[in-house]
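I pulled this one up to look at its packing. Notes follow, in the order I checked things.

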Amino acid sequence: MRSTRVLALLPLALLLSLAGAPLARLMAEGAGTLSPAFLFDPYYRWRLLWSFTQALATCALALLFGLPIAWALARFDFPGRRWLMRLMMLPFVMPTLVAAMGVLALFGPEGVTGVMGQDTPWLLLYGNLFYNLPLLVRSAQEGFARLPASRIMAARTLGASPWRVFWRIELPGALPWVCSALCLVFLYCFSGFGLALILGGQRYATVEVEIYTLVAYELNLGDASALALTVLAITGLAALGYAWLERILARPLRGMALPRSAPTGWRQYALLALAMGLTAMLALAPLAAIAWRALWAGAAWQALADPEVWGALANTARFTALALAGACVFGLAHAFAMRRSVLLGTLAFLPYALSPICVAFGLLLLYPGLSASLVLLIGAYTLLAYPFIARGLAASLDAVPAHLPQAARTLGASPWRLTWRLLLPLAAPALRRGMAFAAATALGEFAVTLFLSRPEWMTLTTLIYQRLGRPGAMNQDSALVLSCLLMLLAMLAFVLIEWQREEARDAGGR
Amino acid sequence: MLEVDKVSKRYERQWLAHELSLTVGAGEIVALLGPSGCGKSTLLKMIAGLEPLDAGAIRFAGVDLARVPPEARHFALMFQDFALFPHLNVLDNVCFGLVERRMPKPAAREAARAILATVGLAGYDTRAVGTLSGGEAQRVALARALVTSPRLLLLDEPFSSLDAHLRLTLQAEFGQRIRAQGISALLVTHDRQEAFAMADRIALLHQGRIRQCDTPAGLLAAPADAWVARFIGFDNVCERWALPETALRLSASAPAARVETMTPLAEGMRLQLSQDGQTYILHLSAREASPWRAQLAPGASVGLAVDSTAFIDFV
């Protein structure tokens with residue numbers, strides 16, 4: 001036990017040097033500039049207010065669309081249910097740039113729908129929903145599915161209609177799950193960068209984009225750090241809310257859950273159709289639009305022969321491989337150290353909650369000499385990617401029944417052999433899934449790369465952004481083609497993840 | 001061989017073991033019998049080295065085990081739910097301990113196959129452990145424990161997850177197999193039938209202390225106190241004495257007793273009788289009860305002979 005605690009030093013060092021210290025530096029820098037007068041500056045106030053509004057609006061829309069989908073997934077058994085659940089995972093591995101390009105392909109210039117949405121707030125909200133609707137649906141679905149059947153049955157026998165049962169029993173029961181998802185939705189939307197940069201335009205960009213602009217183009221570090229401090233405070237509150245709710249969710253619910261049944265009656269079929277339609281529209285349409293537009297891009301495919309593209313691909317591959325290796329080391333160490341430690345478990349969540357822009361900015365402030373060093377860039381990639389491995393692996397290790405290691409010990413396995421022969425094989429599916437997520441994160445990394453890399457370290461994401469910024473239809477089309485390529489790579493990670501899940505389910509069913 | 005010497009262990013202000021002492025001799029099977037939740041399993045885990053002691057010592061063959069890690073003790077522990085490794089097939093589960101003790105893979109496989117055959121599971125090598133029935137899984141767990149020829153076999157409620165019929169069959173079979181190998185074993189159970197069926201000696205554990213440790217016959221002949229007498233199945237127990245049921249007999253010529261209650265059972269009936277202000281419990285088989293059937297209604301009176309020489313006084 002003592003030796004596993006020592007392992008915690010490794011991830012703690014990473015968190016401290018690449019997240020804690022830079023953020024502390026950022027706070028020190030920002031505290032000087034931040035004042036009520038600063039926040040009442042009409043321009044910054046509009047940025048903050050809009051960031052807040054779009055995050056809240058996304059929460060509201062996710063609730064509106066997500067609850068019917070989640071309820072249908074929790075209660076109905078129907079052909080294709082498993083596919084729908086899988087589809088909900090797809091946005092988690094999609095790089096923000098792909099999502100942004102997908103929304104543009106739908107509603108941008110020459111969009112598939114023919115509707116021009118640019119310079120309206122709707123584009124950003126749509127992009128936000130692409131990511132955050134699945135998050136809410138998956139969480140709420142679990143809440144609905146876990147609710148003890150006896151509660152629902154008791155309510156029905158006491159005279160409540162299904163509609164009343166939903167409002168009085170099911171929704172209150174699932175509320176902790178719904179609220180925890182809403183915390184994350186708010187957090188991600190408020191501190192979102194990639195989507196807002198591309199879809200927000202001049203007027204509807206968020207405060208994160210403002211920070212980036214202030215640092216990269218105006219070199220106004222004081223205002224930037226004051227804004228970053230505000231972002232940190234607000235997202236910190238959301239993260240605390242999430243962490244608090246997580247503890248409630250960890251409590252087991254007693255009683256058998258309601259078994260899923262085939263829908264009956266036109267109302268239930270209508271609800272199911274609505275759920276499937278919404279999922280397709282919000283989670284699938286942007287990706288389909290990219291594929292469709294790329295298919296007709298014709299000459300733009302010649303961009304793939306461009307040495308610049310090959311260089312970017314090589315960089316993406318190199319950074320992803322290095323980040324993955326780092327993520328494995330830190331993820332394994334953190335997973336083994338955090339077992340049965342609440343504090344370390346919460347720390348593993350930290351990199352999810354941090355705004356990448358704030359981290360990157362803090363790193364620039366703290367290590368000005370390392371601003372374009374590979375070590376710092378890969379370190380930041382690792383920081384963002386390793387929690388996927390740590391958290392997944394730790395959950396899987398905690399699920400190993402206590403008597404299995406005990407049996408192995410009495411059969412003569414030393415602690416090291418026990419890890420090697422029992423724990424790692426049992427946790428291998430979780431490890432591979434975590435690695436696929438980590439790889440997808442590194443693959444699609446955009447914000448930190450924009451801040452910390454050198455021109456010659458162009459990755460696929462920064463190249464897409466660059467092409468998008470150049471004038472001319474040809475550049476737009478080649479950005480689309482490259483997005484399609486990035487999407488396919490992300491889907492590869494997705495297939496790896498879902499394939500693993502399938503295998504795990506088969507093994508569990510035996 | 002095994003010597004548990006004044007071991008103490010507290011858990012949340014409750015003594016799981018309080019200066020508890022116990023020995024298991026060479027080739028002996030000792031049952032640790034006690035109610036659920038009395039700390040039996042914890043004691044077993046302390047012996048295996050999986051739980052630290054608060055005080056006391058555990059020795060094996062005279063060597064203090066305090067600094068010996070579980071894997072170096074060369075004991076085997078069989079769990080209530082078998083603890084088969086789900087990612088390994090039957091053969092690899094059985095091989096596990098041999099491989100840990102540096103036996104080459106082919107030799108380990110050979111030994112594992114041989115022992116699987118002796119427990120009646122020849123040809124199960126490549127089966128996934130999830131596909132085994134309860135009895136099969138139990139046999140695999142026993143094979144995995146025995147194949148390393150452990151110095152001491154620790155069994156934690158090994159039959160409690162099996163159905164009653166299979167439990168009786170396996171208790172007899174496992175008892176013989178363990179004896180045949182000459183392995184010392186410590187069996188933890190809350191089921192007195194199981195303890196009597198398998199053990200050479202039975203230790204009764206109550207509130208962290210061994211209340212009595214004796215052979216099954218010794219226990220029945222002289223239970224040390226009322227708790228022990230009740231726990232091993234005496235129905236007629238007072239603060240100061242216990243009475244075996246064989247000392248009670250219905251007889252027309254004996255002094256009259258009043259029938260307080262009569263409970264029909266699957267294999268006869270249970271009577272509660274009172275005589276001279278003393279209540280007795282008596283079980284009758286259907287055959288024994290048939291001559292008395294008319295007299296056994298509650299409130300009726302029947303002749304009850306009590307053999308006064310059979311009373312066992314507690315010291």
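**Core and packing**

I started with the largest nonpolar core (buried Ala, Val, Leu, Ile, Met, Phe, Trp, Tyr and Cys residues joined through C-beta atoms within 7 Å): of its 261 residues, Phe361(A), Ala380(A) and Leu154(B) touch the most other members. Helix H20 of chain A, residues 415-444, gives this core its largest share, 15 residues. Another core, of seven residues, lies apart from it, and Leu248(B), Leu250(B), Leu273(B) and Val302(B) are among them.

Ground rules: this is a predicted model, with local features needing pLDDT of at least 70 and side-chain atom pairs counting only at pLDDT 80 or more, while totals for chains, interfaces and linings use all residues. Residues are numbered from 1 along each chain as its sequence is written, and chains are lettered from A and ligands numbered from 1 in the order in which they are written.

I then listed contacts (C-beta atoms, placed from the backbone, within 7 Å) for Phe361(A). Leaving out residues up to four places away in sequence, Phe361(A) touches Leu26(A), Ile211(A), Val215(A), Ala224(A), Ala228(A) and Phe451(A).

Next I looked up Phe130(A), which sits in helix H8 of chain A, residues 122-146; helices are DSSP runs of H or I, at least four residues, and strands are runs of E, at least two, numbered from the N terminus. Phe130(A) counts as buried because it has 25 C-beta neighbours inside 10 Å; the cut-off for buried is 20 or more other C-beta atoms within 10 Å, with C-beta atoms placed from the backbone.

Last, I checked chain B and found nine helices and 18 strands. Buried residues are 37% of its 315 residues.

Conventions
Buried ≥ 20, exposed ≤ 12 C-beta atoms within 10 Å, placed from the backbone. Contact = placed C-beta atoms within 7 Å.
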